[in-house]
Amino acid sequence: MWCVGELGVEYHRHDLGHRFGGLDTDAFRQLNPNRTIPVIQDDDHPPLWETGAILRYLANAYGNQAFWPRDTARQAEVDKWAEWAKINIAMTFTVPVFWQVVRTPKAEQDQHANKHAVAALEHKLALADAQLSEGAFLCGADLTLADIQLGHILYRYYDIDISRAELPNLRRYYKMLADRPAYQTHVMISYDELRAP
Ligand SMILES: N[C@@H](CCC(=O)N[C@@H](CS)C(=O)NCC(=O)O)C(=O)O
């Protein structure tokens, strides 16, 4: 949704999954046999699932040259960081850190494992920090698709109750993202309903 917001695409959003339910219906299975979100349907194209594919579709259909260069080599550079962030950051944050720290009852948490998971994440985030010493955004002066894959994690990373490493460029970058209206609307939203009781 952050990407949709940044690109100014008109949308009609249907909330499904988690407390909204609705993933187990036959109608939803027609849209995505995996029964997961997100799914988009644009014009009369077939439904599209898998976040990475959805983001590339949006970038190709609606992104300008700065967001998603059409030059093959420059596009590959953006795609490289987008893929890197999806695999190295989103996957080392969501289940190993966020799920453990926020979605697991305190009594069941393994603090030692949590520390290790945060350290593994920050080992990867240090690469983003180094890259961000070279430019405002991950791939230079402009927001690109790569920033969507990295940046959407940072609201929760900076908000949850953990001790964080000093990563000054990443923090500066996060502050800049947090000033963007689309980021505020679609990323900086409460996750209280996900908290373990
Ligand atoms: N590889 C898929 C993963 C999709 C996925 O696991 N979605 C989760 C939400 S992030 C889901 O639908 N969970 C079921 C639910 O929320 O009820 C993608 O990147 O789109």
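Which residues have the most contacts inside the largest nonpolar core? They are L138, L145 and A146, and the core to which they belong has 39 residues; a nonpolar core is here a set of buried Ala, Val, Leu, Ile, Met, Phe, Trp, Tyr and Cys residues joined through C-beta atoms within 7 Å. A residue is buried if 20 or more other C-beta atoms lie within 10 Å of its own, exposed if 12 or fewer, and partly exposed in between, with the C-beta atoms placed from the backbone. The model is a predicted one, in which local features need pLDDT of at least 70 and side-chain atom pairs count only at pLDDT 80 or more, while totals for chains, interfaces and linings use all residues. Residues are numbered from 1 along each chain as its sequence is written.

The elements that give two or more residues to the largest nonpolar core are α1 (2-7), α3 (51-62), α4 (72-102), α5 (111-131), α6 (145-159) and α7 (168-178), where helices (H or I, at least four residues) and strands (E, at least two) are DSSP runs numbered from the N terminus. Of these elements, α4 provides the largest share of the core, nine residues. The core also draws at least three residues from each of domain 1 (2-62) and domain 2 (73-194), with domain bounds that come from an automatic or database domain assignment.

Between the centres of domain 1 and domain 2, taken over C-alpha atoms, there are 22 Å. Their contact takes eight residues from domain 1 and eleven residues from domain 2, two residues being in contact if their C-beta atoms, placed from the backbone, lie within 7 Å. On the side of domain 1 that touches domain 2, α1 and α3 each supply at least two residues, and α1 gives the most, with four residues. By class, this side of domain 1 has four nonpolar, two polar and two charged residues; Ala, Val, Leu, Ile, Met, Phe, Trp, Tyr, Cys and Pro count as nonpolar, Asp, Glu, Lys and Arg as charged, and the others, Gly among them, as polar.

Helix α6 is largely enclosed by the rest of the structure, because twelve of its 15 residues are buried. The buried residues of α6 include L145, A146, Q149 and G151, and what covers the buried residues of this helix includes α1, α3, α4, α5 and α7. At G151, α6 bends by about 25°, the bend at a residue being the angle between axes fitted to the seven residues ending there and the seven starting there. Leaving aside its neighbours within four places in sequence, A146 is in contact with V78, W81, A82, A85, L138 and C139.

Four of these partners of A146, namely V78, W81, A82 and A85, are also among the buried residues of α4. The cover over the buried residues of α4 includes α5 and α6. This helix bends by about 40° at T94, and a proline, P96, follows within four residues. K86 also lies in α4, but this residue is partly exposed, with 18 other C-beta atoms within 10 Å. Apart from neighbours within four places in sequence, K86 is in contact with G52 and Q149.

The ligand is surrounded by G17, H18, L23, T36, I37, P38, E50 and T51, a residue being near a molecule if its C-beta atom, placed from the backbone, lies within 6 Å of it. The residues of this shell divide into three nonpolar, four polar and one charged.

Some backbone details concern this shell and its surroundings in sequence. Most residues other than glycine have a negative phi, and most peptide bonds are trans. The peptide bond from I37 to P38, however, is cis, with omega near 5°, and P38 lies in the loop between α2 (26-31) and β1 (39-40). R35 is found in the loop between α2 and β1 as well, and its phi is near 60°, a positive value in a residue other than glycine; R35 is partly exposed, with 16 other C-beta atoms within 10 Å. E50, which belongs to the ligand shell, has a positive phi near 80° and is placed in the loop between β2 (48-49) and α3. With 14 C-beta neighbours inside 10 Å, E50 counts as partly exposed.
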